[in-house]
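Trainee: I have this one open on my screen, and I'd like to go through it with you. Could we start with a term before we get to the residues?

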Amino acid sequence: MIKAKVAEILESTQYLQEVQVKGWVRSFRSNRFIALNDGSTINNLQCVVDYEKMDEALLKRITVGAAIKVNGTLQESLGSGQKVEVQATSVEILGDADPEEVKFTILSPKRHTLEKLREQAHLRVRTNTFGAVMRLRSKLAFAVHSYFQQNNFHYVNTPIITGSDAEGAGEMFKVTSFDLKNPPKNEDGSINYKEDFFGKETNLTVSGQLEAETYALGLGQVYTFGPTFRAENSNTSRHLAEFWMVEPEMAFCDLDKNMDIAEEFIKYVLKYILENCQDDLAFLEQRLANEDKVKPESERSPMSLTDKLKFVIENNFKRVSYTEAIDILKNSKPNKKKKFKYIIEEWGADLQSEHERYLVEKHFKTPVILFDYPANIKAFYMRLNEDGKTVRAMDILFPGIGEIVGGSQREERLEVLQKKMADLGIDEKELWWYLDTRKFGTCVHSGFGLGFERLVQFATGMGNIRDVIPFPRTPLNAEF
């Protein structure tokens, strides 16, 4: 007897072999046809039972959501929609699902909103939509590691608890062992962090970049792929308080090479899922098409899901300076007719998603890499250009979402870095170890960061970032 996953059995042509399969009941029709799914594929396996030969009490326990084990014979299916089915010789209940309880969950057959599904995150992965999204997320994560490992990058685990604020944003979650009702105080009434667990003020990390830089300046090419945290009180479809970041750092690498690697990396991982997630992508594409039908025409996606993926994979990314992009936006129809929510009036404006999408979807009709941004809207660690007002930064813009990657050539000159930190009030004592890397064999180096959930959103067509992470963490929500 062959014990196999549903995905394997559905691909088999070894008819009349004895098989054993375990999974959860999706439906049970006419006391005869069980639709069984074990999470290995979006497709269900039909198991046919002879109800006349089966105990009536057992039949009643074959309910939606129940976990069962089926032994039987693999046969060519006579019905439409599947190539094979299992003629069951025995069914064993591994875990009951009370039909009365199921009525109040998302396992019931009726359609549920995505918001309702989020309320039952422990069950939502059993639905077609979230099963497809999470299998695709898993494959994307594998592709991330695959690309870097094939290209001689070393995987580095950077700290989750840190004393530094890489972005200088200050929106961080504090980590402490203090009794919050009675923390030790200094004479001036401030909290005495010297008595805390780490002997200093610490937070959950917003980025592993600075630590990854130190390892790149010894290992050459490294990448991090781990959780990051922002205490930004944003209750939007684009923000999470806990999310995953992919952050490579490369020594002896300038901005041009950085852009080359970022483009190659993105094309690699999207091509991987296009080739390895066809059933899930087909479902998600149809789901997106159905969703678009009820939207106003102006809000519909101009491309199907697979067309969007191919759009990125098959087009060379257009490289445009920030200055050129500002000129394009200033002279664009939406800007002149004040259709943009944020009107572009002068050089130095911080671009919004609407501007980024206009450049990609309307003007260039290809993915875009913007580079050489104004220094005053970018982070302290980005290399200052000779003009003294722009930095060697780059952002990659995609259709539908705008920015998906942000990166830069890092400032390798110690004196310039020190001046930028002083201008921004960043304490050198806090980042002494970061500055030290500029004293012992400094070199040109670069890197970028990609928000993994943004990538999953793009690849699945899901409109809300909360629907592409297993357990979303958002303001006022830390359930599960």
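Mentor: Let us begin with exposure, since a residue counts as exposed when its relative accessible area is over 50% and as buried when that area is under 20%. Please keep in mind throughout that this is a predicted model.

Trainee: Okay, so is Leu476 buried or exposed?

Mentor: Leu476 counts as exposed, because its relative accessibility is 92% and the cut-off is over 50%. Leu476 lies in the segment after helix 16 (452–460), and its phi is positive, near 65 degrees, although the residue is not a glycine.

Trainee: Why would anyone point out a positive phi?

Mentor: It is worth pointing out because most residues other than glycine have a negative phi. Another case here is Asp372, a non-glycine residue with a positive phi of about 60 degrees.

Trainee: Where does Asp372 sit, and is it buried or exposed?

Mentor: Asp372 belongs to strand 14 (residues 368–374), and Asp372 is buried, with a relative accessible area of 17%.

Trainee: Strand 14, right. What's the strand order in that sheet?

Mentor: The order is 7-11-12-17-16-15-14-13, which makes an open sheet of 8 strands with mixed pairing. Strand 7 (154–155) and strand 13 (318–321) are at the edges, and each has a single partner strand, so one side of each has no neighbour in the sheet.

Trainee: How do strands 12 and 17 pair?

Mentor: Strand 12 (residues 242–251) and strand 17 (residues 445–451) are antiparallel and share 5 bridges; within that pairing, Val246 has Leu450 of strand 17 as its bridge partner.

Trainee: What touches Phe265?

Mentor: Leaving aside residues up to four places away in sequence, Phe265 touches Val144, Tyr147, Phe148, Val246, Phe448 and Leu450, so both members of the bridge pair Val246 and Leu450 appear in that list. Phe265 is also one of the residues with the most contacts inside the largest nonpolar core, which has 123 residues; Ile266, Leu270, Met394, Ile396 and Phe398 are the others named there.

Trainee: Switching to the start of the chain, what does strand 3 pair with?

Mentor: Strand 3 (residues 33–37) is joined to strand 2 (residues 18–29) by 5 bridges and to strand 4 (residues 45–48) by 4 bridges, running antiparallel to strand 2 and antiparallel to strand 4. Ile34 is the bridge partner of Phe28, and Ile34 also stands opposite Cys47 in strand 4.

Trainee: How many of strand 3's residues are buried?

Mentor: Strand 3 is mostly covered, with 4 of its 5 residues buried. In the hairpin of strand 2 and strand 3, which has 3 residues between the strands, Ser30 takes a positive phi near 55 degrees.

Trainee: And helices, how do 11 and 13 cross?

Mentor: The axes of helix 11 (residues 322–330) and helix 13 (residues 353–364) cross at roughly 80 degrees and come within 11 Å, and the two helices are therefore roughly perpendicular to each other. The residues of their contact divide into 6 nonpolar, 2 polar and 1 charged.

Trainee: Which residues make that contact?

Mentor: From helix 11 there are Glu324, Ala325, Ile328 and Leu329, and these meet His355, Tyr358, Leu359, His363 and Phe364 in helix 13.

Trainee: Last one: how far apart are the C-alpha atoms of Glu119 and Glu479?

Mentor: They are separated by 8.6 Å, although Glu119 and Glu479 are 360 residues apart along the chain. Glu119 is in helix 4 (residues 114–119) and is exposed, with a relative accessible area of 53%.

Definitions and conventions:
Residues are numbered from 1 along each chain as its sequence is written. This is a predicted model: local features need pLDDT of at least 70, side-chain atom pairs count only at pLDDT 80 or more; totals for chains, interfaces and linings use all residues. Side-chain values use heavy atoms; hydrogens and water are left out. Two strands pair if DSSP finds at least two bridges between them. Axes are lines fitted to C-alpha atoms, for helices over the stretch in contact, and angles run from 0 to 180 degrees between N-to-C directions. Angles under 35 degrees count as roughly parallel, over 145 as roughly antiparallel, 65 to 115 as roughly perpendicular and the rest as oblique. Contact means heavy atoms within 4.5 Å. Ala, Val, Leu, Ile, Met, Phe, Trp, Tyr, Cys and Pro count as nonpolar, Asp, Glu, Lys and Arg as charged, and the others, Gly among them, as polar. A nonpolar core is a set of buried Ala, Val, Leu, Ile, Met, Phe, Trp, Tyr and Cys residues joined through side-chain atoms within 4.5 Å. Buried means under 20% relative accessible area, exposed over 50%, partly exposed in between (1.4 Å probe, protein chains only).
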